[in-house]
Every structure is written in C-alpha cells, then in structure tokens.
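Notebook open, viewer up. I want to look up how the helices pack and how the strands line up.

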Amino acid sequence: MSGAILVISGPSGAGKSSIISRASKEIGDYYFSISSTTRPPREGEVDGVNYHFISKDEFEEDIDKGDFLEYARVHGNYYGTSMKAVKEALSEGKLVIFDIDVQGHAMIRQRIHHIVTSVFITPPSIDALKARLHSRNSDDDAIIEKRVKNSKDEVESICDYDFVIINDDLDKAVDEFISIAKASKLKYKSEVLEKFIKQWKNL
C-alpha cells in the first residue's frame with residue numbers, strides 16, 4: 001500500500017467538516033473514509049454519503065468477522081471503518097482521511113502506525129464548544145450536554161496526536177490543516193526507510 005492515512009479527531013462542533021470541505025481543493029487526491037454507524041440518520045443525512053447506516057446486529061457480525069479497521073461505541077451507538085475501501089484507496093496511492101474519535105485513533109495507531117499522521121481539532125474553550133453546539137439547532141439539551149461531557153474526556157488524549165489545531169479562526173485552521181495534509185503524504189514506511197539506509201550505505 002503506497003498511500004497514507006490522516007486521522008482527524010476532535011469534539012462534535014469543533015469545525016472538522018468545515019475545515020475539510022474548505023481545504024479539499026488544496027490537498028490533492030484523497031479518499032474520505034465513510035464510517036458505518038448504528039445510530040439513526042439525522043435530518044438531511046444520506047446513507048452512503050454521511051455514514052453507512054446499519055443495524056446493531058449487522059455491525060456486531062462484521063466485528064466478529066474482523067471487517068473493521070477500527071470501531072468504537074459512543075453515546076450507546078457503534079461507529080466503525082470498513083477495511084475494504086480503505087485498502088483500495090491506499091493501493092492507489094491516495095491520502096485516506098478519517099474523521100474518528102480518540103478510541104478509533106488509538107486502534108489505528110496500533111495496527112498501521114507507520115503510515116498514520118494525526119491531528120486533533122478543537123475549539124479554543126468549552127464555552128466556545130457549547131455555543132457552537134447550541135447554534136447548530138440539531139440536538140436537544142441532553143444530547144449537547146452528553147457531547148460536552150464526552151469532549152472533556154477526549155481532550156485528555158490530545159498529547160497522543162501529532163498535531164493540534166485550535167479552531168478559533170477558520171481561515172487559519174484551514175491553512176494549518178492543508179500543511180498537515182501535505183506533510184502526511186511525505187511520511188515513509190519504516191521498511192522503505194530501512195531499504196534506503198542499506199542503499200545509501202552501499203550494503
């Protein structure tokens with residue numbers, strides 16, 4: 001596999017989707033991995049575009065078959081990434097972008113760390129996050145409080161990431177993301193470097 005993986009994590013409401021959308025024309029050929037989930041679609045979401053919406057039984061069957069690169073249970077629902085499309089994109093030399101939580105990041109790091117670059121995107125404060133979640137008008141107060149609580153747990157893992165983007169200025173955040181995405185494509189696999197070392201030393 002000649003491609004690379006860029007993992008993006010951060011609280012819901014951090015602006016991840018907006019950053020990816022605005023940066024998409026600048027980062028070259030990439031594949032955005034679409035996760036599977038057992039949660040019901042929200043208003044306006046489309047199966048196969050936003051998520052692959054599947055049943056809990058189907059998801060757990062796929063776990064047993066080892067079909068997920070990573071998966072996690074968040075707010076009582078499963079989220080995960082199928083391996084088939086990811087492998088195909090990597091074999092084509094594409095940058096594969098994941099928008100996953102900290103649990104998924106840890107699982108991917110364990111399995112294919114040598115081609116993974118990661119970035120944690122966050123608002124500048126918990127108050128800014130609350131304001132953004134309320135302004136979306138897509139969740140009730142109970143869901144928002146659950147997301148805020150989850151974000152406090154997620155931020156504890158921020159040091160596990162290669163980069164951090166504090167999204168208090170969207171234009172600046174987009175520029176930073178473009179730089180990180182381009183740099184991630186330059187990351188070499190360990191076996192490639194070992195081969196280069198031998199060639200360089202004429203071994």
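Are α1 and α7 roughly parallel or roughly perpendicular to each other? Before I look, a note to self: this is a predicted model.

Entry 1, the helix pair. I pulled up helix α1 (residues 16–23) and helix α7 (residues 170–184), and their axes come within 9 Å and cross at roughly 65 degrees. Angles of 65 to 115 degrees count as roughly perpendicular, so α1 and α7 are roughly perpendicular to each other. I also checked the hand: α1 passes α7 in a right-handed crossing.

Entry 2, who touches whom. From α1 I listed Ser18, Ile19, Ile20, Arg22 and Ala23; on the α7 side they meet Leu170, Asp171, Ala173, Val174, Phe177 and Ile178. I sorted the residues of this α1–α7 contact by type and got eight nonpolar, one polar and two charged.

Entry 3, the sheet. Next I traced an open sheet of four strands, and wrote down its order as β4-β3-β6-β5, with mixed pairing. At the edges I found β4 (52–53) and β5 (68–74), each pairing on one side only.

Entry 4, a closer look at β5. I followed its pairing with β6 (residues 77–82): the sense is antiparallel, over six bridges. Which residue in β6 is the bridge partner of Glu70? I looked that up, and the partner is Thr81.

Entry 5, what lies on top of these strands. I found helix α3 (residues 83–91) lying across β5 and β6, and its run makes an angle of about 35 degrees to β6.

Technical notes
Residues are numbered from 1 along each chain as its sequence is written. This is a predicted model: local features need pLDDT of at least 70, side-chain atom pairs count only at pLDDT 80 or more; totals for chains, interfaces and linings use all residues. Side-chain values use heavy atoms; hydrogens and water are left out. Two strands pair if DSSP finds at least two bridges between them. Contact means heavy atoms within 4.5 Å. Axes are lines fitted to C-alpha atoms, for helices over the stretch in contact, and angles run from 0 to 180 degrees between N-to-C directions. Angles under 35 degrees count as roughly parallel, over 145 as roughly antiparallel, 65 to 115 as roughly perpendicular and the rest as oblique. A crossing is left-handed if the near helix is turned anticlockwise from the far one by less than a right angle, and right-handed if clockwise. Ala, Val, Leu, Ile, Met, Phe, Trp, Tyr, Cys and Pro count as nonpolar, Asp, Glu, Lys and Arg as charged, and the others, Gly among them, as polar.
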